[in-house]
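Q: Please take a close look at one strand pairing and its surroundings, and follow the contacts outward from there into the rest of the chain. I would like one connected account, with the angles and distances kept in.

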Amino acid sequence: ALQAVLPGQLFRDSLRLADDHLQVGGRRYELAADRKIHVFGSGKASLPAAMVMEEILGARLAGGVIVTNHDTGELSRITVRVGAHPVPDRRSIEAAEDLAGRLERLESEDFFIYLLSGGSSALLEWPMPPLTLPDLQATVRLMLEEGLVIEEINAVRKHLSLVKGGRLAQRTRARGVVLVISDVIGDDLQTIGS
């Protein structure tokens with residue numbers, strides 16, 4: 001049972017790449033033959049998931065960036081950034097700026113896969129002005145100390161960030177698919193990664 005839910009196994013079972021399309025579960029995404037696929041991601045499971053993406057996509061992989069809590073894997077075409085968890089730090093902001101910038105540079109004909117998993121809310125962060133990093137850190141620490149549940153914490157985080165609540169997706173013209181590994185009871189997509 002544990003082996004079946006590891007990111008590598010999940011994605012090997014649910015993704016198929018052919019010359020002109022990508023099959024993800026029951027959905028089919030048409031791909032132009034001359035276009036490569038970009039991979040982005042954030043969360044504690046993004047590193048093993050990205051390793052599988054490099055394996056599956058092979059020469060069709062254009063590159064990308066993931067943000068995780070540790071850099072212990074070997075990736076050849078996807079950049080690994082490290083952020084802090086559960087309280088974001090400067091690395092979380094630098095990683096968010098890098099990832100957002102790369103998404104913004106994609107063209108409308110480009111295609112991306114985003115690997116989203118638990119921990120994204122802290123690992124990938126960019127405070128909404130006039131908030132500063134210390135403001136955001138103090139807010140997160142207070143919520144954790146008061147025992148708020150993840151749904152409550154992430155509801156607040158969405159209003160304090162330039163990359164949460166759908167704002168990251170608004171930064172690109174490209175089309176793509178988000179592959180989600182849930183660590184939230186009930187699998188509420190509004191809560192996973194804020």
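**From a small sheet to the core**

A: Strands β2 and β3 are paired in the antiparallel sense, over 4 bridges; this is read from a predicted model. Within this pairing, H21 has E30 of β3 as its bridge partner. The two strands belong to an open sheet of 3 strands, ordered β1-β2-β3, with antiparallel pairing. β1 (15–17) and β3 (27–30) stand at its edges with a single partner strand each, so one side of each has no neighbour in the sheet. On average, and ignoring direction, neighbouring strands of this sheet are turned by 15° against each other. Helix α1 (residues 7–14) lies across β1 and β2, and runs at about 50° to β1.

The loop between β1 and β2 contains D20, which counts as partly exposed because its relative accessibility is 37%. Leaving aside residues up to four places away in sequence, D20 touches R28, Y29, E30 and L31. V67, by contrast, is 47 residues from D20 in sequence, and the two C-alpha atoms are 29 Å apart in space.

Y29 also leads away from the small sheet, through one of the 2 aromatic pairs that the structure holds. The ring centres of Y29 and F111 are 5.5 Å apart with the planes at 55°, so this pair is tilted. Since Y29 lies in strand β3 and F111 in strand β7, the pair ties together parts that are 82 residues apart in sequence. Both Y29 and F111 are buried. In the pair formed by F40 and F112, the ring centres are 6.4 Å apart and the planes stand at 70°, so the arrangement is edge-to-face. This pair, too, links distant parts of the chain, with F40 in strand β4 and F112 in strand β7, 72 residues apart. F40 counts as buried at 1% relative accessibility, and F112 is buried with a relative accessible area of 11%.

Strand β7 therefore deserves its own description, as 7 of its 7 residues are buried and it is largely enclosed by the rest of the structure. In a regular strand, side chains alternate between the two faces of the sheet. From β7, F111, I113, L115 and S117 point one way, while F112, Y114 and L116 point the other way, and all are buried. β7 pairs with β4 in the parallel sense over 6 bridges, and in that pairing H38 stands opposite F112. β7 and β8 also run parallel, joined by 7 bridges, with I113 opposite V177 of β8.

Two residues of β7 lead on to the largest nonpolar core, which has 26 residues: I113 and L115 are, together with F11, M53 and L179, the members that touch the most others. At least two residues of this core come from each of β2 (21–24), β4 (37–42), α2 (46–57), β5 (61–68), β6 (78–82), β7 (111–117) and β8 (175–181). The largest share, 6 residues, is supplied by α2. I113 itself, not counting residues up to four places away in sequence, touches L15, L22, I37, H38, V39, F40, M53, L57, V177 and L179. Another core, of 17 residues, lies apart from this one, and L116 is among its members, as are A95, L123 and V163.

How values were computed:
Residues are numbered from 1 along each chain as its sequence is written. This is a predicted model: local features need pLDDT of at least 70, side-chain atom pairs count only at pLDDT 80 or more; totals for chains, interfaces and linings use all residues. Side-chain values use heavy atoms; hydrogens and water are left out. A nonpolar core is a set of buried Ala, Val, Leu, Ile, Met, Phe, Trp, Tyr and Cys residues joined through side-chain atoms within 4.5 Å. Buried means under 20% relative accessible area, exposed over 50%, partly exposed in between (1.4 Å probe, protein chains only). Contact means heavy atoms within 4.5 Å. Two strands pair if DSSP finds at least two bridges between them. Axes are lines fitted to C-alpha atoms, for helices over the stretch in contact, and angles run from 0 to 180 degrees between N-to-C directions. Rings of Phe, Tyr and Trp (its six-membered ring) pair if their centres lie within 6.5 Å; planes under 30 degrees apart count as stacked, over 60 as edge-to-face and the rest as tilted.
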